[in-house]
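This report introduces a structure to a reader who has not met it before. Please keep the sequence and the model in view while reading.

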Amino acid sequence: MHDEPLNPNNLSPAAIEQEQLDARIVRALETTPKPMVPPDFAARLGSRLPAQRPESLTPTHYGRNATLLGIVAAFVALLAVALHTTAGVAVGFVESLLLAEFIALTVWLTVRRQSLR
Amino acid sequence: MYADLTFEQVVRDHQEMVFRTLLRLTGSREHLDDLAQDVFLRLYRALPSFRGDALITTYLYRIAVNVAQDEWKRRRKDRDTHTSLSDETSGWEDRLPHPDRNAEQQLEEREFQEAVEGQLQRLSHIERSIIVLYHQEERTYEQIAYALGMPIGTVRTHLHRGRKKLREALQPRQTHERNATCTMNR
């Protein structure tokens with residue numbers, strides 16, 4: 001009798017057994033237990049909570065909103081200054097400041113939004 | 001995303017996940033209710049620092065792992081005999097029948113499941129936690145790394161090491177079963 005491997009993939013019996021064992025272990029690990037959760041668990045826990053009121057679960061976006069408002073305000077101000085006919089040194093300085101603020105806020109908001117994704 | 005969610009709703013949405021994770025991590029039904037309460041109370045206390053940049057689920061996994069670790073430490077101190085998952089009184093596997101298999105195969109699989117549970121409890125806490133989060137809770141490496149606060153490479157290493165230990169521990173059993181089957185077939 002030839003000593004040919006029975007497996008078409010030329011796996012040794014030991015390797016086959018190893019694979020079967022791995023599969024069994026994974027199957028056992030992936031079997032999810034179904035523990036009995038007491039029906040009143042959430043209510044019972046609710047009554048046990050300390051007096052301290054938790055923070056809202058809703059993430060706040062005060063900073064982002066303020067930034068957006070700042071961008072809009074800077075843009076409107078830039079338009080107003082640009083329409084100003086009597087351009088002097090002071091007006092030019094204000095315009096530069098507003099432009100810098102506008103660019104800085106826009107860049108900061110864009111970078112932050114990308115980092116939060 | 002979490003607008004208008006009350007804490008009680010959060011508990012209701014996640015209680016099953018917390019119970020089953022704790023059950024697998026501690027290997028015991030004993031104090032399961034208390035441990036789950038502890039998890040949610042810790043979440044409640046942590047909410048002021050919750051910035052919304054992580055899912056509540058991820059946060060809860062981290063807390064559950066910590067609570068389970070504390071429980072293990074407590075047990076080690078007490079040195080009390082505890083009910084194992086493989087004990088007669090617990091046996092959640094009993095409620096997982098395989099309708100397409102015969103009774104003998106079912107029994108064999110149940111015994112194997114119990115053996116896996118037993119060996120799972122022999123692993124280190126971190127290996128057990130990672131195996132449970134990966135296989136049972138189907139979390140990704142990234143999610144596990146985030147939940148446990150460790151690099152992804154470390155997660156992979158612990159997972160690999162834990163599975164290797166399980167395999168080595170269960171190998172003799174598999175061989176024994178195979179030999180028994182061969183003897184019966186002769």
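The sections below describe a helix contact, a surface patch and salt bridges in this predicted model.

## Contact between chains A and B

Helix α1 of chain A (residues 13-30) and helix α4 of chain B (residues 103-120) have axes that come within 9 Å and cross at roughly 80°. Angles of 65 to 115 degrees count as roughly perpendicular, and α1(A) and α4(B) are therefore roughly perpendicular to each other.

On the α1(A) side, the contact is made by L21(A), R24(A), I25(A), R27(A), A28(A) and L29(A). Their counterparts in α4(B) are E108(B), E109(B), F112(B), Q113(B), V116(B) and L120(B). Sorted by class, the residues of this contact are 7 nonpolar, 1 polar and 4 charged.

## Nonpolar surface patch

On the surface, L99(A), I103(A), V107(A) and V111(A) make a nonpolar patch of about 340 Å². Of these residues, V111(A) lies in helix α4 of chain A, which covers residues 89-116.

## Salt bridges

Over all chains, the whole structure holds 14 salt bridges. R20(B) and E137(B) form a salt bridge in which the closest N and O atoms are 2.7 Å apart. This pair links distant parts of the chain, with the two positions 117 residues apart in numbering. R20(B) belongs to helix α1 of chain B (residues 7-26), whereas E137(B) is in the loop between α5 (125-136) and α6 (141-148) of chain B.

Note on methods
Residues are numbered from 1 along each chain as its sequence is written. Chains are lettered from A and ligands numbered from 1 in the order in which they are written. This is a predicted model: local features need pLDDT of at least 70, side-chain atom pairs count only at pLDDT 80 or more; totals for chains, interfaces and linings use all residues. Side-chain values use heavy atoms; hydrogens and water are left out. Axes are lines fitted to C-alpha atoms, for helices over the stretch in contact, and angles run from 0 to 180 degrees between N-to-C directions. Helices (H or I, at least four residues) and strands (E, at least two) are DSSP runs, numbered from the N terminus. Angles under 35 degrees count as roughly parallel, over 145 as roughly antiparallel, 65 to 115 as roughly perpendicular and the rest as oblique. Contact means heavy atoms within 4.5 Å. Ala, Val, Leu, Ile, Met, Phe, Trp, Tyr, Cys and Pro count as nonpolar, Asp, Glu, Lys and Arg as charged, and the others, Gly among them, as polar. Patches are made of residues with over 30% relative accessible area and no salt bridge: like charges are joined within 9 Å, nonpolar side chains (Val, Leu, Ile, Met, Phe, Trp, Tyr) within 5 Å. Accessible areas come from the Shrake-Rupley method with a 1.4 Å probe; for residues, only the protein chains shown count as cover. A salt bridge is a side-chain nitrogen of Lys or Arg within 4 Å of a carboxyl oxygen of Asp or Glu.
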